[in-house]
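Hi,

Here's the structure I said I'd pass on. Have a look when you get a minute, and my notes are underneath.

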Amino acid sequence: MSGEWWRSAVIYQVYVWSFADSDGDGIGDLPGVRSRLPYLRDLGVDAVWLNPFYPSPQADNGYDVADYRDVDPRFGTLDDVAGLIADAHDLGLRIILDLVPNHTSDQHPWFRAALAAPPGSRERARYLFRDGRGPDGAQPPNNWISMFGGRAWTRVGSQWYLHLFAPEQPDLDWTNDEVRAEFEDILRFWFDLGADGFRIDVAHGLAKDPQMPDLGEKQIATGPAPEGHPHWDLDEVHDVYRSWRRLSDSYPGERVFVGEVWVQSLDRLARYLRRDELHTAFNFTFLLARWSAKSLRTAVDDSIGHLLTVGAPATWVLSNHDVIRHVTRYGGGELGLRRARAAALLMLALPGGAYVYQGEELGLPEVTELPDELRRDPTFRRSQGADPGRDGCRVPLPWSGAVPSYGFGPGAAAWLPQPPEWAQLTVARQTGDPASMLELYRSALRHRRELPALGDGALHWLSTEDEVLAFRREPGFTCVLNVGDVPVPLPPEVDGARLLLASDPAADPGTLPAASAAWFAAGR
Ligand code: NOJ
């Protein structure tokens, strides 16, 4: 395991709820993940990021943590984590955990103690309790809104507490030294157990303007945080990451932090990646880019350019557990699949690191038809069903067989129903089929490991027609992408080059079909 591995790593995201269920309760678990690690090694990724598995009432599928140093019995035990880390390391895989520092669960002992204690107490000072407005304090302290809909304040007795997400997720007060000390201790706990790093939830949200001013009209919007916002992306957050970096650097073996940082400008993102702060961050600019050559190229250039100013590698991500799966975003059906295949080759050829969300390597689409009573995402409830929420990208994986749960667990149980079409998309079905999405990912990841041109480094654009992107990476690698809906001739630069991989292998020689990409190596 070499130094600065994270600069070019491909990190696979395991949504523990939905990856593999070992005990048949319909919910994924850590022994399930552990049993499938060889699959991830064979896929060719470098590391695995596990979504939260800590004890939790699961009001937001684990992003409401009640105990940061243990495992929810639904998912297993601490021994399972230790065993999983050991197995992963034996297979050459690193394990990244999910840290949720912005808020705890309302069932966390700290919050329970805060509710039992009076206003002004040390217990309440760990959270953001404030008096209400209006004659009897019946109005919330300000107009901040929850990311899941509705107001960001809940009243308890004479005070209100802040929750930027669900009411079951009270926000911590990061000006409180006890909070800072506690999280450093939590980091040490998992680093000591062998964790290779952390993905940091809502990394841009920890600091709040102490005046807590009302949001202006333009600030009342979800999505990437605009500058000058009173609770997103305040400068004070950086001090937290500087001290965490000192802590992670004190451990052997290049432990890393990956920030979930939703900010509007890449300049602001780059600030999180200064040399003494986080190692990398998700780059949502790429995920949000439209399917057009211009928009994709702008996302790539802006990302690389801005991150270079602080010496950080770019990262690329197309899907995760919070957004509509990209096969569907790109148009769904055959077209969405074609584009997703092409996007995979683009993403894996770009300089820097990449994230693969479980199931994208199978070409899974978003599941849009789910029974309301099974939806778990709080956004669904809090918007009275107006927003379907994120359950559609969290449906359990199909591994094998022709009937549900398609090998997800030992029986038929799966906490969300898998569509019948997924019988065609199982790992077993796709394995060995050269036309499958799975084999495309496997081949791409194998080339990526073998070719010195891929991973960290630079790219050079070739000049091409409007709906075509082509770039070269040294030594001797070229990626060409046709986002348009008609075939195009290949650029002259790849004359005589060897075709390594194509997202549409049925191409006529010399052309690149619509919505497809291909990789070439110099020489025959
Ligand atoms: C971002 C996580 O990815 C999402 O799933 C969660 O709901 C929020 N943060 C709140 O923790």
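Below is what turned up, starting with the ligand and ending with the aromatic rings.

One thing up front: this is a predicted model, so please read everything here with that in mind.

The ligand first. It occupies the largest pocket, with 14 residues around it. Asp60, Arg199, Asp201, His321 and Asp322 are the ones that come nearest. If you sort that shell by class, you get 7 charged residues, 3 polar and 4 nonpolar.

You'll probably want the polar distances for your setup. In each case below, the distance runs from an oxygen atom of the ligand to an N or O atom in the side chain:

- Asp322: 2.4 Å
- Asp60: 2.6 Å
- His321: 2.8 Å

As for how much of the ligand is left uncovered, the protein covers 98% of the 300 Å² of accessible area that the ligand has on its own.

Now the rings. The structure holds 33 aromatic pairs, and one of them is worth pulling up on screen: Trp174 with Trp244. Their ring centres are 6.0 Å apart and the planes meet at 70 degrees, which makes the pair edge-to-face. Trp174 sits in the loop between strand S6 (159–162) and helix H6 (177–192), while Trp244 belongs to helix H7 (residues 237–249), so this pair ties together parts that are 70 residues apart in sequence.

That's the lot from my side. Shout if anything looks odd when you load the file.

Cheers

Conventions:
Residues numbered from 1 in each chain as written. Predicted model: local features only at pLDDT ≥ 70, side-chain atom pairs only at ≥ 80, totals over all residues. Heavy atoms only, no water. Near = heavy atom within 4 Å. Polar contact = N/O pair within 3.5 Å; in protein donor to acceptor, adjacent residues only side chain to side chain. Areas by Shrake-Rupley, 256 points an atom, 1.4 Å probe, with all protein chains shown as cover. 1 Å grid on protein atoms, 1.4 Å probe; cavity = no way out; pocket = protein on both sides within 12 Å on 5 of 7 lines; lining within 4 Å. Sits in = over half its atoms within 2 Å of the grid points. Nonpolar A, V, L, I, M, F, W, Y, C, P; charged D, E, K, R; others polar. Phe/Tyr/Trp six-rings, centres within 6.5 Å; stacked < 30°, edge-to-face > 60°. Helix = DSSP H or I, 4+ residues; strand = E, 2+ residues; numbered from the N terminus.
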